[in-house]
Amino acid sequence: MPHTTVATLEKRLAELKRVHQPLWVYDIDEACIVWANAEGLDLWQSESVQELSARDLSKDMTQVVTRRLQQYQQDFVRDESARFTEYWTVYPNGVPQSVELLFSAFELDDGRMSMFCEAQGFQKLSNDALRSSQALLHTSVMISLYSDQGEPLYRNPAARASAGSNGERLHEHMVDASAMQRILGSSEPEVDFVARVHVGEGKGKRWHDISARRCLDAVSGESAWLVSEVDVSQLKATQERANFLAEHDTLTGLPNRNHVSVVLEQRLAQMSARAQQGALIFIDLDHFKDINDSLGHEAGDKLLVEIADRLRRLVGDKDSIARLGGDEFLVLIGPLADEDVVDKRIRELKQHLAEPMTLQGRSVRVTPSIGVSLFPADGENIDELMSRADLAMYHAKDLGRNEAAYFTREMSEAVDSRINLESELMVGLNEEQFSVCFQPRIDVQSGEIRGAEALVRWQHPVRGLVNPADFIPACEDSGLIGKLGRFVLTQAVIAQRVWAERGHTLKISVNLSAVQFAENTLVEDFMRIVDDNGGDPHFLELEITESVLMGNDQATIGKLQALVDYGFHIAIDDFGTGYSNLSYLHRYPISCLKIDRSFIAQIETAQPIIELIISMARLFDLDVVAEGVETAEQLQALKAYDCQEYQGFYYAGAVAPDAFTALLDRGSDEAAA
Ligand code: C2E
Ligand code: MG
Ligand code: MG
């Protein structure tokens, strides 16, 4: 501290020399005492102001105290008449000395605000009282005492720091007037009023957990309010962020699936109360997966963000858009003047969402498939509307994508009957309503039975005999196909063995659906079934469709090879209707082609195709079976084309095993005769 300052202060404060209590001036910025009277020097155990002002008091000061003193400085700048009394423990030469101090403002010559300190008296408090006063001084909990009228009577330093001004009254402190009303209105003594309230208009709003209790002011004996507060702004912000994240999709910032029921349900409730109508639009982007796969997930994310932005711009009200996850979005519109509004919205959505965007330097365009359900006609709550709009969206996809469809009753009836069918299939499998029939495979030249195809039949208790075409797809969708397929194979193996035991060496073929083929345990399951039932895999053929081979991957080859290594033959069913790719025949271990019956039905026009298939089969050393032969003419033609085998109603349809045995025996008798 420069001597000049000390000297001028000496002059300014000369008359205070006669005061006989310790006084000093504390320079808050420099953390040193710049002036003291003789009693002050005594208290600080110093011989001269020069020596005392050279001491760096910041050394013994905690951060909290430093900040507190800076707070005092600001208080004095704001209000030069401010003064407060506190018990402080000071440490002259390291020895604790507790004094009651009165602090007031003191402006230094250079204009900076410092603090005038007057020691009122030395420690007269018990140790406990002393410590509790220290605790009050240092705690971050804000403690204040207000008169019944809300005038501040006392504030600890933390409370002072948060107050807008020294004279700030309780109702000025609280932004939320209703919370204030509740405090003042609570008449019960001894009961704490506890609330999380918005406070501090003056110093920027904060959230405080506040606890207020009626008490008596120890000085006046009058009724007062003891208020303690903890700042929870940070905690509240964190909680709010966590809530936001739980309810919003982090990528697009749109409400997520969790929040849909809350946000959109509220909108529906409003519309319902006013008897208004609305529409829920379900959007799914077409081929979004391809973009993810080809350009990477980062590009995919960018695309989703862009789509979300376009939806916001288009719909305006961000509270009626949500992202359900993946590439699915929801938009709720309403109240609707008429249904044309929905059509218009759909047109806009299709147009704007499909506009090209640049991703990784490439121009990319995605189209939406849109499903719509109407409120309240199609559903009165958001779950119902969502599932129906979803159904309509699938319908739009079936229409060929980039389409929109409104929900109709038929759509849900189709789903209902599918669900019914699946549960009936489950019952049917358990109650043995299924059986297997066999259709003979005949040698075209000799007319002898060479084999049989196993075809499943469902004897439904009410519907009667149900065709496989009507239930195989449902079996595939519901995952029941595995169980059904194992049942059919078991029956086929048993038949093969029984007929072999009667002297008939027949090749029995079994249909294998693509879904079933994909099952992991297929190979082991099939080998076990053949072993357990004493069959010979060399007389068993598995019919697969071209769709199985289209996967064209190593796993498919591996599986087929494992089946062939065990002894099974593989046939391609309905050949000619799929991709009929020549390379299949080369790449996969196939031994038979079954020409689809649609070619046989039009044998004259299809002649070139049939001949081509037959000569191709010969080239690759494969058997050929013509399916669906119904007439003598068709059989005659096949003879001319040199086809090996045929199946068809001309000889026999699929019959029960006993009837098939009879066919075999008839065949043997004819041969013998
Ligand atoms: P698919 O494998 O092509 O079986 C031949 C179908 O043609 C059989 O129909 C058979 O009854 C029918 N058919 C036979 N000869 C003639 C004929 O001369 N004219 C006409 N118009 N049709 C004839 P089905 O039994 O109704 O089976 C239909 C399809 O269901 C089968 O076609 C097959 O893809 C599938 N399927 C049948 N059983 C099973 C099975 O156990 N598992 C699997 N995954 N699919 C099966
Ligand atoms: Mg077949
Ligand atoms: Mg077929």
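This passage describes a magnesium site and the nonpolar cores of a predicted model. Local features in the model need pLDDT of at least 70 and side-chain atom pairs count only at pLDDT 80 or more, while totals for chains, interfaces and linings use all residues. Residues are numbered from 1 along each chain as its sequence is written, ligands are numbered from 1 in the order in which they are written, and side-chain values use heavy atoms, with hydrogens and water left out.

The magnesium ion (ligand 2) has as its protein donors E453 (OE), N511 (OD1), E543 (OE) and D573 (OD), which lie 2.0 to 2.3 Å from it; donors are N, O and S atoms within 2.8 Å of the metal (3.2 Å for Na, K and Ca), and water is not among the atoms, so sites may look incomplete. Along the chain, these donors follow the spacing E-x57-N-x31-E-x29-D. Because E453 lies in strand β19 (residues 449–460) and N511 in strand β21 (residues 507–511), the pair ties together parts that are 58 residues apart in sequence, strands being DSSP runs (E) of at least two residues and helices runs (H or I) of at least four, numbered from the N terminus. E453 is buried, at 3% relative accessible area, whereas N511, at 30%, is partly exposed; buried means under 20%, exposed over 50%, and partly exposed in between (1.4 Å probe, protein chains only). D573 also coordinates the magnesium ion (ligand 3), which is 3.9 Å from the magnesium ion (ligand 2).

The largest nonpolar core, a set of buried Ala, Val, Leu, Ile, Met, Phe, Trp, Tyr and Cys residues joined through side-chain atoms within 4.5 Å, has 78 residues, and L425, F471 and L563 are among those with the most contacts inside it. Helix α17 (residues 481–501) gives the largest share of this core, 8 residues.
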